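Student: I'd like a close look at one part of this model, please: its salt bridges, and the loops around them. Please go slowly, since I am new to this.

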Amino acid sequence: MAERIYLYDSTLRDGSQAQGIDFTVADKLAIASALDAFGIDYIEGGWPGANPTDDAFFARAPQTRFAKVSAFGMTRRAGRSASNDPGLQDILNANTSAVCLVGKSWDWQVETALKVSTSENLKMISDSLSHVLDQGREAHFDAEHFFDGFKANRAYALEALKAAHEAGASWLILCDTNGGSMPSEVHRIVSDVKSMLPDANLGIHCHNDTEQAVANSLAAVEAGVRQIQGTINGIGERCGNANLIALIPTLMLKMGFETGVSMEQLKEIGSLSRLIDDRLNRVPNRHAAYVGKSAFAHKGGLHVSAMARDSRSYEHIDPALVGNTRLILVSDKAGRANVLNRLEQMGIEVAADDERVTELVKIVKDREALGYAYEDASASFELLARGLLGQLPRFYDLLSYRALNECRMDAKGHADTLAEATVKLSVAGSTVMTVAEGNGPVNALDQALRKALTPHYPVLEAMHLSDYKVRILTPSDATAALTRVVIESRDSDGHAWHTLGVSANVIDASNDALFDALTWFLMKRGVAAQK
């Protein structure tokens, strides 16, 4: 049987220390439930007594089905007994099944930060962990600054671990607190610790200050560590923590370890990653390993041609193992293989030797030379392809439009801006003219189009524009530049699609992107086109 690696998630504590992150109690409860459902072994809820949010979380901590909830804190203060230390009592009052206590393992930190003797620090570690065990809790010891401490004073760093081990700690966690260690150092030091304490259960806790937290964690595993601490998406103080989203698939698929996550649950790892981003109102990293939208995206024609014969040519795993999908991009680097693969993914049937495919490749390359970017606007590419293949439905014809932006100054000198758009179009055999106002000319144009079209296509009520991006393509004369507009639209089910337009006039570019957005949605909803 495969060896077992235990996963300890500290997102709710380490993650909350990142700049710009502030979890609510509801956030923490939802994330904890998701971590439990995913198969995480330990969920660190926070530091009881440190702030009202953590206190409220522990007061309402979810009843987990699999994971053990852990409370974090520090060893007793100098000059107090463990049983008479208020901070330690707050931790125990959280009534979690596991407790993780942090203590100094670097003699320089003991003397300068704690300002106590090295011998007193060892007693603080031993007394505190013994007290946790006496209360019937599972005890973990975070050896803070362990790797720096080991390099400075190997004997004392090991004494700190021995004090925790002899006190009964279930796990000794070696912390690269400053995130400055190299993988080779981590492997060498963990191997040394393992030889000195062969019967101790070792863990690893790495920070990402040199972008090596994942590499250091894996090096520690290779040297004998069997618990990994980290956060979802690597969020954490400064540069972050070891990223469990990258670590878990690597441990299971590359190194052959067993975790609490089943192969079926592993397919949900992308959903877990996006849950955290959604809670933090952050855009997911499309280049994230395993789960990013670009993790299995292929753009080069040579790559796609080879993958058509065997996907192992340019993919290290089957994307389905982590719930991801292969994405064939269409761009100026595309060849016939890219286009054929993309058309197949879109459900468009065309013969491999169809000359229209060659024409489509040329059109894409010519347009991308002008500033189009179809890899970020697959809906516009699909409409382009269907148009060339004679499969594009026509839902309306725009006859004319006008967009105005008026700024009026009031008596106090404050600006009042009003945007108005007028559209004239042909739909269902009739000519329709509408006028609408908006908070900008593009919004007004969108409102006018909807006003004209919704009576004929009521399903348009189920879609809305969710993002609007403008890119200047010729910055040498920015006020008269060629402009690319990309619009993200979403339907009532949360599905998103991207369309684009390119023009020297930003309103024209926006109109083209709006036309594609409306047309693609109506086509996908199976709406009958006008005759």
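Tutor: Let's begin with a word we will need often: a residue is buried under 20% relative accessible area, exposed over 50%, and partly exposed in between (1.4 Å probe, protein chains only). This is a predicted model, in which local features need pLDDT of at least 70, side-chain atom pairs need 80 or more, and totals for chains, interfaces and linings use all residues. Numbering starts from 1 along each chain as its sequence is written, and side-chain values use heavy atoms, without hydrogens or water.

Now to the salt bridges, where a side-chain nitrogen of Lys or Arg lies within 4 Å of a carboxyl oxygen of Asp or Glu. Searching the whole structure turns up 26 of them. Let's visit three.

Start with Arg 13 and Glu 44, whose closest N and O atoms are 2.4 Å apart. Arg 13 sits in the loop between strand E1 (6–9) and helix H1, while Glu 44 belongs to strand E2, so the two are distant parts of the chain, 31 residues apart. Helices (H or I, at least four residues) and strands (E, at least two) are DSSP runs, numbered from the N terminus. Are these two partners buried or exposed? Arg 13 counts as buried because its relative accessibility is 9%, and Glu 44 is buried too, at 0%.

Move on to Arg 76, which forms a salt bridge with Glu 120, with 3.2 Å between the closest N and O atoms. Arg 76 is in the loop between strand E3 (68–74) and helix H3 (86–93), and Glu 120 is in helix H5 (residues 118–134), so this pair ties together parts that are 44 residues apart in sequence. With a relative accessibility of 5%, Arg 76 counts as buried.

The third stop is the salt bridge between the side chains of Asp 491 and Arg 525, at 3.9 Å from N to O. Asp 491 comes from strand E15 (residues 483–491), Arg 525 from the segment after helix H18 (506–524), and 34 residues separate these distant parts of the chain. Asp 491 is buried because its relative accessibility is 9%, whereas Arg 525 is partly exposed because its value is 35%. Going back to Arg 13 and Glu 44, salt bridges with shared partners join these two and Asp 14 into one network.

What about the loops? Asp 41 is in the loop between helix H1 (25–38) and strand E2 (42–46), which takes us back to the strand that holds Glu 44. Asp 41 counts as buried, because its relative accessible area is 7%. Leaving out residues up to four places away in sequence, Asp 41 touches (heavy atoms within 4.5 Å) eight residues by name: Arg 4, Ile 5, Tyr 6, Leu 7, Phe 66, Ala 67, Lys 68 and Gly 260.

Two other loop residues catch the eye for their backbone. Most residues other than glycine have a negative phi. His 145, though not a glycine, has a positive phi of about 55°, and Arg 238, also not a glycine, has one of about 60°. His 145 lies between strand E5 (138–144) and helix H6 (146–152) and is buried, at 6% relative accessibility. Arg 238 is found between strand E8 (227–230) and helix H10 (244–254) and counts as partly exposed, because its relative accessibility is 47%.
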